[in-house]
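Please open the model in a viewer and keep the selection panel at hand. The stops below proceed from one element to the next.

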Amino acid sequence: MRWRWTALLLALLAAPPATAQIPALRHGQLIVDGKPFLILGGELGNSSASERAWLAPAWPRLQAMHLNTVLAPVSWELIEPAEGRFDFAGVDGLIEDARAHGLRLGLLWFGAWKNSMSTYVPAWVKRDARRFPRALAADGTHQEILSAFAAATRDADARAFAALMAHLRAVDGDRHTVILVQVENEIGFLPDAREHGPIADAAFARFRGSEEAFTAEAYARYTEAVAAAGKRAYPLPMYVNGAQGRPGRKPGEYPAGGPLVHLLAAWKRAAPSLDFLAPDIYFPNFGEIARSYALPGNPLFVPEANNAGDPRAAANALLVFGGLNGIGFSPFSIDTIDAPGAARLTALYALLGGMAPVILDAQANARIAGFAPPVTPDGAVDEQPQTVALGGYRFTVRFVDPWTSRTAQTPAEHGGMLLWQGGDDYLVAGTGITVTAAPVSGDGKAGLESVEEGRFEAGRFVPLRRLNGDQTHQGRHVRLPPDAIGVQRVRLYRY
């Protein structure tokens, strides 16, 4: 059957080369069609993209929420139902429907593993345990997890992924509907720190390091083979996503060896074809986890930013884009979001979509800051004000609104962004914050020359009303109330 795959791949690789610039990462930003791009995303449920007709009613809703990118799974079992025979009808349908609604796609390759398990592999893989062996737990029991040490599994996975990427190049290489690809999904071993079995045990006997480091290296080497095969066919940006562990849990009590920040060096070393590692964040300490991944050479993208409808989405997104120079933010199960959550996300993405050009420019020139109250893993909120120096002024941001009853506000949901536009001009965006300024030099005081409430249209600020009275407490502060998300243009002066 391999000749069929080879013939298909050669035919696809012979397709005309892309006429426009392939999406890429450059200087920490995602570049799409030659311009920096901010992912305002939403990830579909795990099985939502398996049937085109089932997903059809969701596309208008996704468009109406002002998403610009949908993350959609592509499972190995659906594109290669028989070995060497590929069916890309589902992928083509995703691309066509995304284009019809003005949306980009990030594809999630559910290959050998999805949430550690191997449930999305083809039946011909599942039924041939001799050729595609399962991993063993420490007690010798077989797991529904393919072994990371099986060359036949790795090679079959890599061939299927390369065929997918070659197909994308052929059908989308000149349009770039698909802008990045996730390789596998939430890799990590359960229920132990490493897999067992004759090959794994022999390899560990030669390894110098912990069981989890051994697992990380094995998974990273496997993933590198898959990613490298895909990049040879079509070099889109590629990443892996990591399921986080709660503090105090041992490897195996969370998916051991996955792309977690404490294993980042091992993953970077063993899987150089990956462009970055990304955190899936469902725990209250969103900011702590996101910040740990925002490292030089590892641009921050949060592909699963808690479940869609999370009331903290605005605060978390503003921190990602403003405080951590993130390239993207994407709640999970976007197709099942409830009405209140959809309304909040619509307002957030409408604001960020209009501001995207100025946000991206500010990121590139270190003229941006973002704020959200830190939250512990146990949910305790630090409401203390935060300060930052930007453009000659020191700003203090407070998360408790002085004009709203304390019982009627939730500071954990408050957050904002500050953008310096040069001179004494700033933009303040967010919800539930008040902002004051003082000269960094300590000489004199800073006043509000003008404060304008407005909106952004395609990167251009459109003023709606001047707020130099009660709304600024007679010039004492800039205030964005907690019952909405908005943006204000501020000009400071000194006296």
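In which sense, parallel or antiparallel, do β15 and strand β18 (residues 415–422) pair, and over how many bridges? Select both strands in this predicted model: their pairing is antiparallel and comprises 4 bridges. To inspect one of these positions, display Ala-369 together with Leu-418, its bridge partner in β18.

**The sheet of six strands**

Extend the selection to the whole sheet, which is open and consists of 6 strands in the order β15-β18-β19-β24-β21-β22, with antiparallel pairing. At its edges stand β15 (368–371) and β22 (460–466), each of which pairs on one side only. Ignoring direction, the average turn between neighbouring strands of this sheet is 30°.

Next, add the helices that pack on this sheet. Helix α12 touches β15, β18 and β19 (425–431), and its direction makes about 155° with that of β15. Helix α13 also packs on the sheet, in contact with β15, β18, β19, β21 and β24 (486–494); the angle between its direction and that of β18 is about 55°.

**The nonpolar cores**

Keep α13 (residues 339–364) selected, and display the largest nonpolar core, to which this helix gives the most, with 12 residues. The core has 120 residues, of which Leu-105, Trp-267, Leu-352, Met-355 and Met-417 touch the most other members. Centre the view on Met-355: leaving aside residues up to four places away in sequence, Met-355 is in contact with Met-417, Leu-419, Leu-427, Ala-429, Phe-456 and Val-487. Another core, of 21 residues, lies apart from the largest one; Tyr-393, Phe-395, Phe-399 and Tyr-426 are among its members.

**The sheet of four strands**

From Phe-395, move to its bridge partner in β20, Ala-437. Strand β17 (residues 393–398) and strand β20 (residues 433–439) are joined in the antiparallel sense by 6 bridges. They belong to an open sheet of 4 strands, ordered β16-β17-β20-β23 and paired antiparallel. Why is one side of β16 (386–390) and of β23 (478–480) left without a neighbour in the sheet? Both strands stand at the edges and have a single partner strand each, so one side of each has no neighbour there. From one strand to the next, the twist averages 20°.

**A glycine in β21**

Return to the sheet of 6 strands and select Gly-447, located in strand β21 (residues 446–457). Is Gly-447 buried or exposed? Its relative accessibility is 6%; because the limit for a buried residue is under 20%, Gly-447 counts as buried. Its contacts, not counting residues up to four places away in sequence, are Arg-491, Leu-492, Tyr-493 and Tyr-495. A C-alpha to C-alpha distance drawn from Gly-447 to Gly-475 reads 6.8 Å, with the two positions 28 residues apart in sequence numbering.

**Helix α11 and its buried face**

Now select helix α11 (residues 286–293), whose buried residues are Phe-286, Gly-287, Ile-289, Ala-290 and Tyr-293. Look down the axis of α11: the buried residues fall within an arc of 165°, so they line one face of the helix. Add their packing partners, which are β11 (276–281), β12 (301–302), β13 (304–305), α12 (313–323) and β14 (328–329).

**Last stop**

Finally, select Ala-58 in helix α3 (residues 58–64). Ala-58 is buried, at a relative accessible area of 5%. Its C-alpha atom is separated by 27 Å from that of Leu-300, 242 residues apart along the chain.

Methods:
Residues numbered from 1 in each chain as written. Predicted model: local features only at pLDDT ≥ 70, side-chain atom pairs only at ≥ 80, totals over all residues. Heavy atoms only, no water. Buried < 20%, exposed > 50% of the residue type's maximum accessible area, 1.4 Å probe, protein only. Helix = DSSP H or I, 4+ residues; strand = E, 2+ residues; numbered from the N terminus. Arc of directions from axis to C-beta. Contact = heavy atoms within 4.5 Å. Core = buried A, V, L, I, M, F, W, Y, C linked by side-chain atoms within 4.5 Å. Pairing = 2+ DSSP bridges. Axes fitted to C-alpha atoms, helices over the stretch in contact; angles between N-to-C directions.
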